[in-house]
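Subject: Structure for you to look at

Hi,

Here is the structure I promised to pass on. Please have a look at it first, and then read my notes below.

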Amino acid sequence: MVKRVAVIGAGCSGLTAIKCCLEEGLEPTCFEKSGDIGGLWRFKDVPEDDRASIYNSVIINTSKEMMCYSDYPIPEDYPNFMHNSKVLQYFRQYGEHFQLLKYIQFKTAVCSIRKHPDFLTTGQWDVVTESEGKQEKHVFDAILVCIGHHTHPKLPLHSFPGIENFKGQYFHSRDYKTPEPFKNKKVIVIGIGNTAVDLVVELSAVAKQVFLSTRRGAWLINRVCDNGFPFDIVMTTRFNAKLLTAFPKLSNNFMEKKVNNRVDHDNFGLKPKHRSSQASVHG
């Protein structure tokens, strides 16, 4: 008897989960709450509840060679670092090429997942879904949860005493879409992750003044390495991995010298306490 598998989410992981199930002779059914595939990479002008949200200018910080599916290369004419619209196009091509879309039930939310009454002997699960206000119960042999982890913003307002008296606007980067609303305004971006650095650069073109606030420094690594090649292609090799393991101090010194040639981290107050192999920000 063919095993039935519920795949929750039709983003980059959900699509491959469907394909892997088919290759293993399983029967997948994918439930996607929204009306389309793509998950995080499907840009919308307004953030949607319970779904990841990106800003209009998002470009991947890994090269297309490093992020592509091994069984379906990204087209050669696509840029090394793709805009989010190109990423979504690639996912559509992937889904159509392997005929995955027919296994997806769109606009269908998963309400609950519980062990079947005879779970100890069958290993099965009861899944309740809802579509157009109507609930339906299913029984599956396995569950693959592919909903990502960027759905809900972390906004620790308790860390900012007096925020309730602040007269300006404050929000999580999840709600940021374009820089135009901040024209001629004074803005502070808190954090020094990839998104924070992206927004500081973008806002600086229109805002009156932009500040970047961070509790600690970070190593800023450019997407592009020597001779215009993607950094991850040049540096992420088996040889470099072995070198880092065998000579961590030497490898860190080399990398830190390389990134300091572009931005003197000490001079700009960015030099962190950790070494370059421990954490970094790609810009």
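In what order do the three strands of the open sheet with antiparallel pairing lie? The order is E4-E5-E6. The edge strands, E4 (109-115) and E6 (134-140), each pair on one side only. From one strand to the next, the twist averages 20 degrees, with axes being lines fitted to C-alpha atoms and angles running from 0 to 180 degrees between N-to-C directions. Strand E5 (residues 125-131) is joined to E6 by seven bridges, and one pairing to look for is Asp126 with its bridge partner Val139 in E6.

Some background before the rest. This is a predicted model, numbered from 1 along each chain as its sequence is written, in which local features need pLDDT of at least 70 and side-chain atom pairs count only at pLDDT 80 or more, while totals for chains, interfaces and linings use all residues. Side-chain values use heavy atoms, with hydrogens and water left out. Helices (H or I, at least four residues) and strands (E, at least two) are DSSP runs numbered from the N terminus, and two strands pair if DSSP finds at least two bridges between them.

There is also an open sheet of four strands, with parallel pairing and the order E3-E2-E1-E7. Strands E3 (104-105) and E7 (142-145) each have a single partner strand, so one side of each lacks a neighbour in the sheet. Two bridges link E2 (residues 27-31) to E3 in the parallel sense, and Cys30 stands opposite Ile104 in E3.

Helix H8 (residues 248-260) is worth a look too. Its 13 residues should span 18 Å at 1.5 Å a residue, and its end C-alpha atoms are indeed 18 Å apart; the expected span is 1.5 Å times one less than the number of residues. Ser251, Asn252, Met255, Glu256 and Val259 are buried in H8 (under 20% relative accessible area; exposed is over 50%, partly exposed in between, with a 1.4 Å probe and protein chains only). These buried residues cover an arc of only 125 degrees around the axis, which puts them on the same side of H8; the arc is that of the directions from the helix axis to the C-beta atoms. Lys249, Leu250 and Lys257 are exposed on the other side of H8.

Finally, the whole chain: the secondary structure comes to eight helices and eleven strands, and 34% of the 283 residues count as buried. The C-alpha trace spans about 65 × 55 × 40 Å along its principal axes.

Best wishes
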